[in-house]
Amino acid sequence: MEPKSKFCNISSLTESMPKSYKKIFSFIQSNQDAVSAMSITQLARKLNVDVATITRFCQSIGFSGYANLKYSLKHDDAFFESEKTQEPFDPADSVKDTMDKVKYFYIRAIKDVVELLNPGEIELAAQKICTASKVHLYAQGGNITSAYYAQFVFWQMGIPCYVFTDPGLALPSANHLTRDDVAIGMCLSGSAKIVVDAMRIAKKNKATTIGIIGFPDSPLGEISDIHLSFNARVPDNIQYIPLAFICDLTILGILQAVTTAKNRKALSDQIGNVSSVTRYNRY
């Protein structure tokens, strides 16, 4: 059962939604009673979109599926209310004002990720990663830093993990993956060419594909077996770029915690070895 008003801030997510999601959201917002009585197939026909697109839309705003969303429409009176928002950065801001805004936007980003992630997808991803023969991470642009952090985290857990950001290495590496391996694509937009092309090859070779993405309804989302999706409100402005990194780190932190908790016995020796090495490298 969805907690009442859990998604009362949903309206403020629309600015970063793909056009197809905005279309679905706008119709639901204007026709709540009608949608409550419609099947997912009926809604898809009405809007001329795929059933899968509606399902991904529901998941992108924090629901397990369409039925879950319909329940909230019937029982959550605050579903479409807007949260109290912070004003954007402004050249006239004092240092204290800027600090307060950074705090607000970063905390909001973390809350968004936690609310919008699907726990079942996280658990499945953790299981696949822990049992993988090896893990390949594919990233481009601003997500490269996140990918190298993920590599560090996975190696600490004893999971062989390698980052590829150059097409000359990414594509051939993906061609060597098998059904025993995991490929993780990291891309906010879900459209980065290097990442998408490498993940397509990985999927063709039967590797498990995991997308850490802002938009499930994207090229990367379409080829990912597991979606670790968040709809980050990240404006196209250099002052907000760290928000995407915060979202990546939040997902990786959750993934690390779940992987360790669910596989503590299997990982205990490796965790002990890492602790020993850490102590050895300190005075």
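**Exercise 1. Find the residue of E5 that stands opposite Ile210, then describe how E4 and E5 pair and how E5 is covered.**

*Solution.*
Step 1. In this predicted model, the partner of Ile210 is Ile226 in E5.
Step 2. Widen the view to the two strands: E4 and E5 run parallel and are joined over 4 bridges.
Step 3. Now look at the two faces of E5. In a regular strand, side chains alternate between the two faces of the sheet. Here Ile226 and Leu228 point to one side, while His227 and Ser229 point to the other. These four residues are all buried, and both faces of E5 are therefore covered, given that buried means under 20% relative accessible area.

**Exercise 2. Work out the strand order of the sheet and name its edge strands.**

*Solution.*
Step 1. Following the pairing across the sheet gives the order E2-E1-E3-E4-E5. The sheet has 5 strands, is open, and pairs in parallel.
Step 2. Strand E2 (161-164) and strand E5 (226-229) each pair on one side only, which makes them the edge strands.
Step 3. For the geometry, take the twist from one strand to the next: it averages 20 degrees.
Step 4. Check the E2 end. E1 and E2 share 4 bridges in the parallel sense, and Leu137 faces Val163 in E2.

**Exercise 3. Which strands does helix H7 lie across, and which does helix H9 touch?**

*Solution.*
Step 1. Start with helix H7 (residues 119-131). It lies across E1, strand E3 (182-187), strand E4 (208-213) and E5. Relative to E5, helix H7 runs at about 120 degrees.
Step 2. Turn to helix H9 (residues 167-174), which packs on the sheet and touches E1 and E2. The directions of helix H9 and E1 make an angle of about 145 degrees.
Step 3. Put these two helices in context: the chain has 13 helices and 5 strands in total.

**Exercise 4. Locate the largest nonpolar core and trace the surroundings of Leu137.**

*Solution.*
Step 1. A general expectation helps here: in soluble globular proteins, nonpolar side chains tend to be buried together.
Step 2. The largest core holds 36 residues, and those touching the most other members are Ile129, Leu137, Phe154, Ile184 and Leu228. Helix H12 (residues 242-262) supplies the largest share of this core, with 6 residues.
Step 3. Zoom in on Leu137. Beyond its neighbours within four places in sequence, Leu137 contacts residues including Ala147, Phe154, Val163, Ile184 and Met186.
Step 4. Apart from the largest core lies another, of 21 residues, and its members include Met17, Ile40, Leu43 and Phe63.

**Exercise 5. Where do Asn48 and Lys206 sit, and are they buried or exposed?**

*Solution.*
Step 1. Recall the background: most residues other than glycine have a negative phi.
Step 2. Asn48 has a positive phi, near 60 degrees. It is found in the loop between helix H3 (40-47) and helix H4 (51-60), and it is exposed, with a relative accessible area of 69%.
Step 3. Lys206 also has a positive phi, about 75 degrees. Its place is the loop between helix H10 (193-204) and E4, and Lys206 is exposed at 53% relative accessible area.

**Exercise 6. Which residues does Ala109 touch, leaving aside its neighbours within four places in sequence?**

*Solution.*
Step 1. Ala109 belongs to helix H6 (residues 95-116) and is buried, at a relative accessible area of 8%.
Step 2. The contacts of Ala109 are Leu243, Ile246 and Cys247.
Step 3. Ala109 and Leu243 are 134 residues apart along the chain, yet their C-alpha atoms are separated by 6.7 Å.

**Exercise 7. Decide where the model deserves caution.**

*Solution.*
Step 1. Begin with the whole chain: the average pLDDT is 82, and 83% of the residues score at least 70.
Step 2. Next, compare elements. Strand E1 (residues 135-139) has the highest confidence, at 97, and helix H13 (residues 264-280) the lowest, at a mean of 69.
Step 3. Finally, look at residues 1-8, where pLDDT stays under 50. The model has 24 contacts beyond four places in sequence for this stretch. Where pLDDT is low, the predicted coordinates should not be read in detail.

Note on methods. Residues are numbered from 1 along each chain as its sequence is written. This is a predicted model: local features need pLDDT of at least 70, side-chain atom pairs count only at pLDDT 80 or more; totals for chains, interfaces and linings use all residues. Side-chain values use heavy atoms; hydrogens and water are left out. pLDDT is the predictor's confidence in each residue, from 0 to 100. Contact means heavy atoms within 4.5 Å. Two strands pair if DSSP finds at least two bridges between them. Axes are lines fitted to C-alpha atoms, for helices over the stretch in contact, and angles run from 0 to 180 degrees between N-to-C directions. A nonpolar core is a set of buried Ala, Val, Leu, Ile, Met, Phe, Trp, Tyr and Cys residues joined through side-chain atoms within 4.5 Å. Buried means under 20% relative accessible area, exposed over 50%, partly exposed in between (1.4 Å probe, protein chains only).
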